[in-house]
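Subject: Structure handover

Hello,

Here is the structure I said I would pass on. Please open it before reading the notes underneath.

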Amino acid sequence: MTTQTIFQDNYLALTGMVKRWERRRRWQQTLLWLPRLFVPGLVLGIVLAVISRLQPLLLPDQLLVITGAAVIAGLIIGLIVIWLSGRSLALAAQRFDVMFGLNERVSTALELIEGRI
């Protein structure tokens with residue numbers, strides 16, 4: 001009974017640590033990709049502005065609204081992709097083993113505690 005409690009405590013501590021690492025990685029990805037998420041909406045606005053300049057198609061206010069909506073849509077889609085992309089606990093542990101040079105210690109510990117090894 002005590003051994004099972006120790007395994008549960010270790011498992012909870014280890015999974016909590018991996019989840020925190022994964023959350024931090026997602027924040028890093030958010031900050032890395034944030035400027036890039038503006039680009040598609042701004043490109044759409046520039047293309048529409050050039051087309052409207054050559055052939056009257058849209059008014060400047062309409063261009064501004066369309067460009068703003070496209071930028072916001074790009075941000076929302078990018079953030080959804082970053083934050084809702086599912087990654088199993090084992091894959092996250094393997095990623096951090098490689099990232100921190102842990103020689104598969106975390107992923108092996110998770111597999112041992114879960115009873116897969």
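The notes below go through the salt bridges, the residues around them, the core and the surface.

This is a predicted model, in which local features need pLDDT of at least 70 and side-chain atom pairs count only at pLDDT 80 or more, while totals for chains, interfaces and linings use all residues. Residues are numbered from 1 along each chain as its sequence is written, and side-chain values use heavy atoms, with hydrogens and water left out.

Salt bridges

How many salt bridges does a search of the whole structure find? The search finds two. A salt bridge here is a side-chain nitrogen of Lys or Arg within 4 Å of a carboxyl oxygen of Asp or Glu. One of them pairs the side chains of Glu22 and Arg25, at 2.8 Å from N to O. Another links Glu22 with Arg26, where the closest N and O atoms are 3.5 Å apart. Through shared partners, Glu22, Arg25 and Arg26 are joined into one network.

Glu22 and Arg25 are both in helix α1, three residues apart, which is about one turn of the helix. Glu22 and Arg26 are also both in α1, four residues apart, again about one turn. Helices are DSSP runs of H or I with at least four residues, and strands are runs of E with at least two, numbered from the N terminus.

Are these charged residues buried or exposed? Glu22 is buried, because its relative accessible area is 9%. Arg25 counts as buried because its relative accessibility is 11%. Arg26 is buried too, because its value is 11%. The classes are: buried under 20% relative accessible area, exposed over 50%, and partly exposed in between (1.4 Å probe, protein chains only).

Around Arg26 and Thr30

Besides its salt bridge with Glu22, the side chain of Arg26 reaches the backbone oxygen of Ser85 at 2.8 Å. The backbone oxygen of Arg26 lies 2.8 Å from a polar atom of the side chain of Thr30. Both are polar contacts, meaning a pair of N or O atoms within 3.5 Å; within protein, one must be able to donate a hydrogen and the other to accept it, and residues adjacent in sequence count only if both atoms are side-chain atoms.

Leaving aside neighbours within four places in sequence, Arg26 is in contact (heavy atoms within 4.5 Å) with Ile82, Trp83, Leu84, Ser85 and Arg87. Thr30, also in α1, is buried because its relative accessible area is 7%. With the same neighbours left out, Thr30 is in contact with Leu79, Ile82 and Trp83.

The nonpolar core

Which residues make up the largest nonpolar core? It has seven residues in all: Leu14, Val18, Ala92, Ala93, Phe96, Val106 and Leu110. Helices α1, α3 (89-100) and α4 (105-114) each supply at least two of them, and α3 gives the most, with three residues. A nonpolar core is a set of buried Ala, Val, Leu, Ile, Met, Phe, Trp, Tyr and Cys residues joined through side-chain atoms within 4.5 Å.

Phe96 also touches two members of the salt-bridge network: not counting residues up to four places away in sequence, Phe96 is in contact with Val18, Trp21, Glu22, Arg25 and Leu102.

The surface

A nonpolar patch of about 940 Å² is made by Trp27, Leu34, Phe38, Leu42, Ile72, Ile76, Leu79, Ile80, Trp83 and Leu84. Patches are made of residues with over 30% relative accessible area and no salt bridge, with like charges joined within 9 Å and nonpolar side chains (Val, Leu, Ile, Met, Phe, Trp, Tyr) within 5 Å. Accessible areas come from the Shrake-Rupley method with a 1.4 Å probe, and for residues only the protein chains shown count as cover.

Both α1 (2-54) and α2 (60-84) supply at least two residues of the patch, and α2 gives the most, with six. Leu34, a patch member, sits in α1 and is partly exposed because its relative accessible area is 33%.

Two distances

From C-alpha to C-alpha, Ala13 and Val98 are 20 Å apart in space and 85 residues apart in sequence. Arg26 and Asn103 are 23 Å apart in space and 77 residues apart in sequence.

Regards
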